[in-house]
Amino acid sequence: MNNVPHLIEHLNFDTTFLVFDLLAVFMFAASGALAAIRKKYDFIGVLMLSFVSGLGGGLIRDAIFIQAGPPKAVTDSKYLIIILAAFLLAMIFHGRMHRLKRTIMIVDALGLGAYGVVGAQAALQEGLVPLAAVLVGVFNATGAGLIRDVLIREEPIIFKPGQFYAGAAILGCSVFVLMVVLGNSDHTVAAIVATLTAFSVRMLSIYFNWQTRPILDEDDRS
Amino acid sequence: MNNVPHLIEHLNFDTTFLVFDLLAVFMFAASGALAAIRKKYDFIGVLMLSFVSGLGGGLIRDAIFIQAGPPKAVTDSKYLIIILAAFLLAMIFHGRMHRLKRTIMIVDALGLGAYGVVGAQAALQEGLVPLAAVLVGVFNATGAGLIRDVLIREEPIIFKPGQFYAGAAILGCSVFVLMVVLGNSDHTVAAIVATLTAFSVRMLSIYFNWQTRPILDEDDRS
Amino acid sequence: MNNVPHLIEHLNFDTTFLVFDLLAVFMFAASGALAAIRKKYDFIGVLMLSFVSGLGGGLIRDAIFIQAGPPKAVTDSKYLIIILAAFLLAMIFHGRMHRLKRTIMIVDALGLGAYGVVGAQAALQEGLVPLAAVLVGVFNATGAGLIRDVLIREEPIIFKPGQFYAGAAILGCSVFVLMVVLGNSDHTVAAIVATLTAFSVRMLSIYFNWQTRPILDEDDRS
């Protein structure tokens, strides 16, 4: 762990965030494409759902909450190119995706934390209030999945009892905002701690099968 | 009634609107939370639906139609804190909510009118055309319910035949815009008249069980 | 065909686009109204779905992707008036719409191409990257149908296998952007070629019943 400060020194904060942002867009696009393939959509449907899922979280962040000009996704070609790449890879390899289940799960958990931080950071930078920064981070991380589920007409999984998902994002974003706003931490350090927090909660929740319970059910028993 | 002009004199228009806005956000957040509890969502699902429902109408107004910088909900902490309060109260008291049915119905009818006026007023202030002000008012008042129903996968109730709901909002918003634009009325007077119009239509429609009918059905009979 | 250059000379590009835009808004509003009538919604539900469908594509274009102030639909009364007209016509003539099936299909195919071009052109004008211009065009042309289907709780038809629809829009928008960006073509010429491309693909796909196939199905057979 004694090489962490050294590593941080060499990290360009903006570059790190761009990488996290692109990675998250890639994963969301791929998960949208795979969902579309599973729902027996055609070529065009898979393509469109890749774009909607890949862009969803970022569009909610930039177009709904932050509103500082056109969303990055339409002014920087990298975003759309990476969605096309995710679409093509999903089209080619979807039959073999179950072998990658473990890898996808780990990358997804990492992305959940990282993308939450990307959204919270963007919100703080534009002068939103701290509580709103947590909110923007959480919707940045979970919005794409929400839109994907609404469009393919499945009940949004993030609402339903199960392993911690949105909960991990809420925790990670809260840690980031608290460290930066109250603790006056360095943004890069806060980003790493917050991402690892969300990642750990998500992975532990999968490993130990921690389950949330419906509110009504608990109530009925009491 | 002769103390009304006196009362108006002491009303600060912006404060009145802030109060109406916060009240509406509170009610929408609570209704989202209760719907989520009923759908057997977990803690996180109830929390997220509180936020989406509470913010829905205001985000449609600010981010989609008006577009004058970040929505008020993310630049003023009061909005998010009141949503958290609605969430907590719904979590604690949801088992006893049916006893409050009558109160909720009255507050909801009042909010429907008031929130429509808030949206219409904001739209006029930003220079939107009068017809658009009515539209923004109606979506401000009914958008949260629409988003809530889409997310929990129930057919939006505002589309379906039943007692006047969106209809009351349309009438109230039209009265407000007509009074302000054509009648050159004082905004506060117009706001009170319009809110009471929507409130009365909504309450009378519940009391006498006025029902709208499907268009196709009427046609089939003729 | 030798009168085409003559015709183009007299075309005012902005006027042409306004006409296409209004025509598309009219058609989307009418299709939303008809869908609402079919779903047995009441007067208010049909009215609201007319507005949501009529505005959907343009709002996605202006409020989500382009973000240059309030959407045109709320600053220019023409848009809302034409939606009211579409609503009224649908209310009066919905029983006889099946006789107009052929006409509607042709107008719809023309609108699909034209509205894609309207979106792509608006995106290029605001400095979005070329790939984003295609994306904005496609969502401008197909977004209203997507929102309509989500709201009335039907699985979005543009995702599902069938005749080319979104595919025709993708092709048309790509032709427009390629001609303008790479080919340096005159915008009006590119608009006509692109609209006719999308129109032809759509009409041929209906005439010869070209069908797309689900991705998963193809895979299962191989």
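**Exercise 1. Find the operation that superposes chain C on chain B, and say which surfaces the copies use.**

Start with the rotation: turning by 120°, with 0.0 Å of shift along the axis, places chain C on chain B at an RMSD of 0.0 Å. Keep in mind as you work that this is a predicted model. Next, look at the residues in contact: 14% of the contact residues of chain C recur in chain B, so the copies use different surfaces.

**Exercise 2. Repeat the analysis for chain A and chain C, and name the symmetry relation.**

In general, two copies of a chain are related by a rotation about an axis and a shift along it. Here chain A goes onto chain C by a rotation of 120° with 0.0 Å of shift along its axis, again with an RMSD of 0.0 Å. That is the relation of a three-fold axis. As for the surfaces, 14% of the contact residues of chain A recur in chain C, and the copies use different surfaces.

**Exercise 3. Describe the interface of chain A and chain C: how many residues, how much buried area, and which helices?**

Step one is the residue count: 37 residues of chain A touch 35 residues of chain C.

Step two is the area. The two chains bury about 2900 Å² between them, with 73% of it on carbon and sulfur atoms.

Step three is the polar side of the account. The search across this interface gives 0 salt bridges, while 3 residue pairs are in polar contact, both residues being at pLDDT 80 or more.

Step four assigns the contact to helices. On the side of chain A that touches chain C, at least two residues each come from helix 2 (13-38), helix 3 (43-66), helix 4 (72-75), helix 5 (77-93) and helix 7 (130-151) of chain A. Helix 3 of chain A gives the most, 14 residues.

Step five sorts that side of chain A by residue class: 24 nonpolar, 6 polar and 7 charged.

**Exercise 4. Carry the same steps over to chain C and chain B. How many residue pairs are in polar contact there?**

The contact takes 37 residues from chain C and 35 residues from chain B. Together these chains bury about 2900 Å², 73% of it on carbon and sulfur atoms. Once more the salt bridge count across the interface is 0. For polar contact, the rule finds 4 residue pairs, both residues at pLDDT 80 or more. Among the helices that each supply at least two residues on the chain C side are helix 2 (13-38) and helix 7 (130-151) of chain C. The largest share of that side, 14 residues, comes from helix 3 of chain C.

**Exercise 5. Which residue forms a salt bridge with A:Arg61, and what does the pair tie together?**

First, the count over all chains is 15 salt bridges. One of them links A:Arg61 with A:Asp21, whose closest N and O atoms are 3.7 Å apart; this falls inside the cut-off of 4 Å. Now place the partners: A:Arg61 lies in helix 3 of chain A and A:Asp21 in helix 2 of chain A, so the pair ties together parts 40 residues apart in sequence.

**Exercise 6. Set the UniProt annotation of chain A beside the model.**

Under "transmembrane region", the unreviewed UniProt entry lists several spans of chain A, including residues 17-37 and 189-208. Residues 17-37 are 100% helix and 0% strand, and their end C-alpha atoms lie 30 Å apart. For residues 189-208 the values are 95% helix and 0% strand, with the end C-alpha atoms 28 Å apart.

Note on methods. Residues are numbered from 1 along each chain as its sequence is written. Chains are lettered from A and ligands numbered from 1 in the order in which they are written. This is a predicted model: local features need pLDDT of at least 70, side-chain atom pairs count only at pLDDT 80 or more; totals for chains, interfaces and linings use all residues. Side-chain values use heavy atoms; hydrogens and water are left out. Copies are superposed by least squares on the C-alpha atoms of residues with pLDDT of at least 70 in both. Contact means heavy atoms within 4.5 Å. UniProt positions are given in the numbering used here, feature names are shortened, and annotations may be inferred rather than shown by experiment. Helices (H or I, at least four residues) and strands (E, at least two) are DSSP runs, numbered from the N terminus. Buried area is the accessible area (1.4 Å probe) that two parts lose on being put together, summed over both. A salt bridge is a side-chain nitrogen of Lys or Arg within 4 Å of a carboxyl oxygen of Asp or Glu. A polar contact is a pair of N or O atoms within 3.5 Å; within protein, one must be able to donate a hydrogen and the other to accept it, and residues adjacent in sequence count only if both atoms are side-chain atoms. Ala, Val, Leu, Ile, Met, Phe, Trp, Tyr, Cys and Pro count as nonpolar, Asp, Glu, Lys and Arg as charged, and the others, Gly among them, as polar.
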